[in-house]
Amino acid sequence: MGQVLSVVSQKGGVGKTTTAVNLAAAFARRGQRTLLVDVDPQGAVRYGAGLRRGHATRGFFDYITGQSGLREIILPTQLPWLRVLLVGTVTEAANHAGYQSLVADTDMLRDVLTEARSRCDVVIVDTPPGLGAIVRRALEASQHALVTLQCEPLALQTTPQILRAIQDIAATNGELTLDGILLTMYEASNPACVRVAEYVRKHLPADMVLDIVVPRSAAAADAFAAGQPVVLRTPADPAAQAYVNLATLLAERFQ
Amino acid sequence: MIGPAPRGRHRRAAGTVGVLALAIVASATCTKIPTNPASVFSLALDSLPGPSVVAGDTLRDTNGIATPLSGLAYNIQNQPLHTVRVQFISLSPGQLGINSSNFAIGTPSGDSIVRVVADADGLQSLPFNVPVVLKPTNLVHADSDSISTMTLSLTNPDSNVSVPLNIFLIHQPDTLGADSVTRSYIVHYQIVYPASAAGGTGTPTDSTLPAYLIGGVGQPARTDTTDGNGMGTRQVNFSVAQFAPKSQDSIVVLVTAAYRDSVVAGSPLRFVIHYTAP
């Protein structure tokens, strides 16, 4: 059985989708059967995962509402071992409440992730920000959680909430492990950023904050704008290297 | 505290230089992306043909045929590069050797989980595990009683699932010494009585049968791979509506394990489940 890793954060815009997309590509490029699942109704994965032109826009939402079968919404990418399940047409809706309650009130997310786990080495789930029902449902069906934390002051105030939530869910999901907090968009030249990173490392248990740090990088932004993971578009970029190293670290833990 | 303004400006200037340097590095490294259609861009590795390698033997598929590790390299256009050789490398050669044809061979002393990587023109895969296990010599019941009794229920699905049919796969050393177990090894379960339930294939279609074997999460499954304690297990799920009211009979399940062309001593093990329909 493969492993399901949910990428979570309390706050939006902290590099969650970028992390999910690049980790998935880093795993797949090096031979792991990987499925990237987007359950965030904002649906940003479709912009950065390297999907082929003219790909289907249906996804998880369309599956759980009975409009699509799983086979037709698992999308290929430029990597043979990477498949993507988008969140689907819910991204076009103004109101996501129906989608949220459908995920919250059923076991369909768990069923999809369990099925995916039986066929893949790694399943990476990109979740919406916060601690809503979708995130909880994703964590309930995961073996691993990764918290992304942007090195900026507000992040410090929201981190304890997500850690408490993971702790709560781990009480009922005995398989769930917090793999660590990943510092993202790190700028060594920005004193505020450095201070936040130091504060986090000082006040959280040493093994909770990953040594690997993802630097802010123009190449990463360019890659996302070009619709590709930076680990494929600019493999030597420091952000790409960070994601490759993180995949290597996690692959060791997953075994 | 943020430093005084002049120093801050200096830092910003340094940062700008840093960004410029980064941009130069990035543009330079862009040329290193293997856009040549003959260059390796990604790897796809095939699943292990079997769950483990027996110590002193070659990795074999589920039919017992020696099978090499395999994978394929792809270029940036996602086209397979059939001429590029994918070589597998054992990270614990004292436990598992891999020859030039990618046949994995467990050393006689092997009993561990070995990490293996693949390499194609310098692109290395992430490591994956290949268990090297002791040769199975005996199949035994894990629990003292191989006969159980059930009262089926129309309202309580939990009452329609048998007790776990647990077995141990044992390795008895040739010389004097404590028995050990064989981990990560396939064992086969089969319902042999009644005939109406004997056709199970371990696939979802089994759920139309009056009784079928299931795995840990309730899915139809006739085979199991022994766990870290050498234990295998399946349960029988009864489709209670297919049984005549108040009928009483038994389900008989046989368990076998084979090594190469021979069944392991103790095979087949027999489990009997007496049931009473509601």
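The exercises below concern a predicted model with chains A and B, and each is followed by a worked solution.

**Exercise 1. Determine how many helices and strands chain A and chain B have.**

Solution. Begin with chain A, in which there are twelve helices and nine strands. Then turn to chain B, which has one helix and 22 strands.

**Exercise 2. Explain why the radius of gyration of chain A agrees with that of a compact globule, and give the box that its C-alpha atoms fill.**

Solution. The first step is to set the expectation: for 255 residues, a compact globule would have a radius of gyration near 18 Å. The second step is to place the value of chain A beside it; because chain A has 17 Å, the two agree. Finally, taken along the principal axes, the C-alpha atoms of chain A fill a box of roughly 50 × 40 × 40 Å.

**Exercise 3. For each chain, state the share of buried residues, the share of contacts that join residues at least 24 apart, and the exposed area.**

Solution. Counting as buried those residues with under 20% relative accessible area, one finds that they make up 55% of the 255 residues in chain A, while in chain B 41% of the 278 residues count as buried. Next, consider contacts between residues with a separation of 6 or more: in chain A, residues 24 or more positions apart account for 78% of them, and in chain B 63% join residues at least 24 apart. Lastly, chain A exposes about 10000 Å², of which carbon and sulfur atoms supply 49%, whereas chain B exposes about 14000 Å², with 57% supplied by carbon and sulfur atoms.

**Exercise 4. Describe the largest nonpolar core, identify the element that gives the most to it, and follow the contacts of A:Phe27.**

Solution. The largest nonpolar core holds 46 residues, and those that touch the most other members are A:Leu23, A:Phe27, A:Leu36, A:Ile124, A:Leu182 and A:Leu246. Several elements of chain A each supply at least two residues of this core, including strand E1 (3-8), helix H1 (16-29), strand E6 (122-126) and helix H12 (238-254). H12(A) gives the most, with nine residues. Leaving aside residues up to four places away in sequence, A:Phe27 touches, among others, A:Val122, A:Ile124, A:Ala247, A:Leu250 and A:Phe254, and also B:Leu126 of the other chain. Apart from the largest core lies another, of 30 residues, among them B:Val133, B:Leu169, B:Leu269 and B:Ala277.

**Exercise 5. Find how far apart the mean positions of the positive and negative charges of chain A are.**

Solution. Chain A has 23 positive and 23 negative charges. Their mean positions are 4 Å apart.

Note on methods
Residues numbered from 1 in each chain as written. Chains lettered and ligands numbered in written order. Predicted model: local features only at pLDDT ≥ 70, side-chain atom pairs only at ≥ 80, totals over all residues. Heavy atoms only, no water. Helix = DSSP H or I, 4+ residues; strand = E, 2+ residues; numbered from the N terminus. Rg over C-alpha atoms; globule rule 2.2 N^0.38 Å. Buried < 20%, exposed > 50% of the residue type's maximum accessible area, 1.4 Å probe, protein only. Contact = heavy atoms within 4.5 Å. Areas by Shrake-Rupley, 256 points an atom, 1.4 Å probe, with all protein chains shown as cover. Lys, Arg positive; Asp, Glu negative; His and termini not counted. Charge placed at Lys NZ, Arg CZ, Asp CG, Glu CD. Core = buried A, V, L, I, M, F, W, Y, C linked by side-chain atoms within 4.5 Å.
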